[in-house]
Amino acid sequence: MSENKVTIDIGDGAAIPTKKDRGLLSAWRLAFFGAVGSLLYLILFHPDPYLRLIKFLPDGILITFQVTISAIALALVVGLFTGLGRISHNPIINLIASTYVEVVRGIPLLVQLFYIYYALGQFVRVPDMLAAVIAMSFCYGAYMGEVFRAGIESIDRGQREASFSLGFNRAQTMFYVILPQALRTILPPVGNEFIALLKDTSLVSILAVSDLLRRGREFASESFLYFETYTMVAIIYLIITLILSKLVGIMEERMGNHGRR
Amino acid sequence: MAGADPIIRIRNVSKFFGQLRALDNVSLDILSGEKVVIIGPSGSGKSTLLRTINQLETIDAGSIAVDGQDLTDQAADINKIRMELGMVFQSFNLFHHKTVLHNLTLAPIKLKKIAKEDAEKIAIRLLEKVGIAEKRNCYPAQLSGGQQQRVAIARALAMNPKIMLFDEPTSALDPEMIGEVLDVMVNLAKEGMTMVVVTHEMGFAREVGDRVVFMDEGKIIETGSPEHFFQNPEHPRLRKFLEQIL
Ligand SMILES: Nc1ncnc2c1ncn2[C@@H]1O[C@H](COP(=O)(O)OP(=O)(O)O)[C@@H](O)[C@H]1O
Ligand SMILES: [Mg+2]
């Protein structure tokens, strides 16, 4: 019986604290309570400018979340098709998907963002926010595609053969048998990508999207309080990603075990 | 069944894995209702032969017809043909993400468009038949090997196939669980199912086999009734094989 659980390691997200990793768990606690403690301390004892900052920044946090969630949703769709393309037996589809992954992985995200933003701008007038989301998901779709591919390939080939032997065709086998099982292996790295993407959305501040970082820049350039502003911005990013990585960890532990330990 | 057309007709089939000739000009006819047991040393091509029958392996030469439909014909709908061919694997291959009951109902609901309630009724009846209905809401990982294999047999039967293919169904099991799986297979044989069974269980071959086929190095070396096989095996390699295994 091959019951071994495959984990996919795409190490570019935040570290995910689980009960198994005691060291990481205490590091998480230290970082989280440290960040929250500093935040409270600054707001309570130095309300000027920190209280003003904490009132000014939330609009940006909202935008950051909006960009992150839209981009991840789109990236998941792109990633699914890219992953399927990468394992396709059709040489043309396979080549297209593989080339896409290679190209995206070979260009810095910031360069891609500029390129797509201005390339899109050449032909259509799209809102800044939408352009940013498209650019982010174009890039992350490639990484997500690799996650899907690895997840699909981690499923024992006996599952596919059992499905075929019952009369399912390739597409049905993928949909009813392989993907639902691959999801188990895919979920943790997708959570990781989600966190990585949230951090990388700070890059869209350059594209006239008023995310958290850009709101910070606006505040700083008016008040000249650069140090205080970026301290606050950094603490807020840290708290958000720490909460998310905790959630991913919990999800990973609770994920449908199908009777396995 | 006298004079009937064979339900499986294998003619001059060869299969290569790279340079390796896994099947070497194999021909075999199997009649409806017949129980054929395939034996032979490891690597002799038993699994490959069985898997060509439902096209889990494609063939490089020859032809195979199942229930009158030529598998090598471009127009043949292999998925339709596979519905007629239940298959049981050495490693069970139950769907890990589905409960026992849903392992049985998935294909009938999706492929035969059977209503969920009806599919579940049929599934429970089959699970009772293999003696495991009380585990219907368990996941495969919660079952023993013998239980999983009985569920796997029931899953194949849920598609109401005409033929059942077994590839060493008891080889991955602890010795104390072999009996419960063989019992299910014996009962199935009594009901008249057409069965092609690759196995090392010579007791089973003797009890239910109409015909035993001995393979070696991708060829069928000897075919005969179980009595013939075990009382006066002709080919020296068969004799050697039987000496080793008995
Ligand atoms: N997918 C495959 N790729 C390459 N060689 C294979 C493959 N499947 C089987 N073989 C080879 O074909 C021969 C016959 O294998 P198999 O039919 O599994 O034998 P048996 O079931 O009798 O033990 C063996 O030499 C085996 O190594
Ligand atoms: Mg074998």
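**A tour of the aromatic rings**

Begin by selecting A:Trp28, A:Phe32 and A:Phe33, which ring pairs link into a cluster. The model on display is a predicted one.

Across all chains, the count of aromatic pairs comes to 12. One of these pairs is the next stop: select A:Tyr41 and A:Phe45, whose ring centres lie 5.2 Å apart. Their planes meet at 35°, and the pair is therefore tilted, since stacked rings would need planes under 30 degrees apart and edge-to-face rings planes over 60.

Now display helix α1 of chain A, which covers residues 22-45. Both A:Tyr41 and A:Phe45 belong to this helix, and they are 4 residues apart, about one turn of the helix. A surface view adds a further detail: A:Tyr41 counts as partly exposed, at 44% relative accessibility, whereas A:Phe45, at 58%, counts as exposed.

Proceed to A:Phe168 and A:Tyr176. The centres of these two rings are 5.8 Å apart and their planes stand at 55°, so this pair is also tilted. Is A:Phe168 buried or exposed? With a relative accessibility of 0%, A:Phe168 counts as buried. Its partner A:Tyr176 is partly exposed, with a relative accessible area of 22%.

The tour closes with charges over rings. Select A:Arg215 together with A:Phe56: the charged end of A:Arg215 sits over the ring of A:Phe56, at 3.9 Å from the ring centre. Then turn to chain B and select B:Arg206 and B:Phe230. Here the charged end of B:Arg206 is placed over the ring of B:Phe230, 4.5 Å from its centre.

Terms used. Residues numbered from 1 in each chain as written. Chains lettered and ligands numbered in written order. Predicted model: local features only at pLDDT ≥ 70, side-chain atom pairs only at ≥ 80, totals over all residues. Heavy atoms only, no water. Phe/Tyr/Trp six-rings, centres within 6.5 Å; stacked < 30°, edge-to-face > 60°. Helix = DSSP H or I, 4+ residues; strand = E, 2+ residues; numbered from the N terminus. Buried < 20%, exposed > 50% of the residue type's maximum accessible area, 1.4 Å probe, protein only. Lys NZ or Arg CZ within 6 Å of the ring centre and 35° of its normal.
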